[in-house]
Amino acid sequence: VTGRFCSACGAAAGPRACSACQAPLSVQAHFCHRCGQAAAGARASAVPGARSERTAWTVAGVAVALLLLFIVVKVLRDRPTAAVPDMANVGNAGTRGSVADAGGGLPTGRAPDISQLSPAERFVRLNNRIMDAASRGDTATVVNFTPMAIGAYSQLDTVSNDERYHAAVLHAQIGQTDAARALTDTMLIKVPGYLLAYVVRGDIAGFEQNTAALRAAYADFRKYAAAQRATRRAEYVDHADIIDDFARKADAAK
């Protein structure tokens, strides 16, 4: 060092004394030779061991970070994951021979993949499942799967009166009678005198114990029965048992 200040760090180059014991210190001293006190103005980087201490803390920090990362990865890897179904809409779960068909609760095995079916095919598949469950008194299946079937119905590009009839029955079975009645109105707009619309209206009136509405459904059915039966619509043939049963009830209510 020449001059009054260090050309490298700017520290004063004049005589110094220890701040603790007042012993005179050389310009280059980093510690007091008498008491060991760090000399004022000494750079931390020049203090023996300072750099190694910083390095030790850096290594320790990296080690802790790696340990935490290892723990997180292990927890995520070992966490059990739920089996992903073939399709979010599992309304067709449980085929013949399953526990559900035997009345023993939930169906066994994985649900069949119906993701490749068209909305119309899904609606038919789900509706058949629900009607079968209803015939066995499996109300849990009816309640759980009906919203799925109605969702499939809402995705249909074109809708026939037969599909409206099935959707109306689904709505009525879970107590959505207003929606069911609205569908019967549409059926009658599309096909005046449509017999299955009166069947649904009669069923709703029976659910609600509405005697006047039930009589009106019977009367309208009798009014159009002969002409409509003569059309030999495919759905009249498919649902002949339902129509014949309603006709007997309508005749008995005269």
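Here is a walk through this predicted model, from its overall fold to its nonpolar cores.

Let's start with the secondary structure. The chain contains two strands and nine helices. If you follow the sequence from its start, the pattern reads β-β-α-α-α-α-α-α-α-α-α, with both strands ahead of the helices.

Next, take a look at packing and surface. Of the 254 residues in the chain, 32% are buried. Take the contacts between residues at least 6 apart in sequence: 49% of these join residues at least 24 apart. On the outside, the chain exposes about 15700 Å², and 58% of that area is supplied by carbon and sulfur atoms.

Now for the interior. The largest nonpolar core brings together 39 residues, and the ones with the most contacts inside this core are Met187, Tyr194, Leu196 and Phe221. Several helices contribute to this core, each with at least two residues: H2 (119–135), H3 (139–154), H4 (161–173), H5 (177–190), H6 (195–208), H7 (211–230) and H9 (240–252). The largest share comes from H6, which supplies seven residues.

Leu196 is a good place to zoom in, as one of the residues with the most contacts inside the core. Once its neighbours within four places in sequence are set aside, Leu196 is in contact with Tyr165, Glu235, Tyr236, His239 and Ile243. Apart from the largest core lies another one, made of six residues, including Cys18, Ala23, Leu25 and Cys32.

Notes: Residues are numbered from 1 along each chain as its sequence is written. This is a predicted model: local features need pLDDT of at least 70, side-chain atom pairs count only at pLDDT 80 or more; totals for chains, interfaces and linings use all residues. Side-chain values use heavy atoms; hydrogens and water are left out. Helices (H or I, at least four residues) and strands (E, at least two) are DSSP runs, numbered from the N terminus. Buried means under 20% relative accessible area, exposed over 50%, partly exposed in between (1.4 Å probe, protein chains only). Contact means heavy atoms within 4.5 Å. Accessible areas come from the Shrake-Rupley method with a 1.4 Å probe; for residues, only the protein chains shown count as cover. A nonpolar core is a set of buried Ala, Val, Leu, Ile, Met, Phe, Trp, Tyr and Cys residues joined through side-chain atoms within 4.5 Å.
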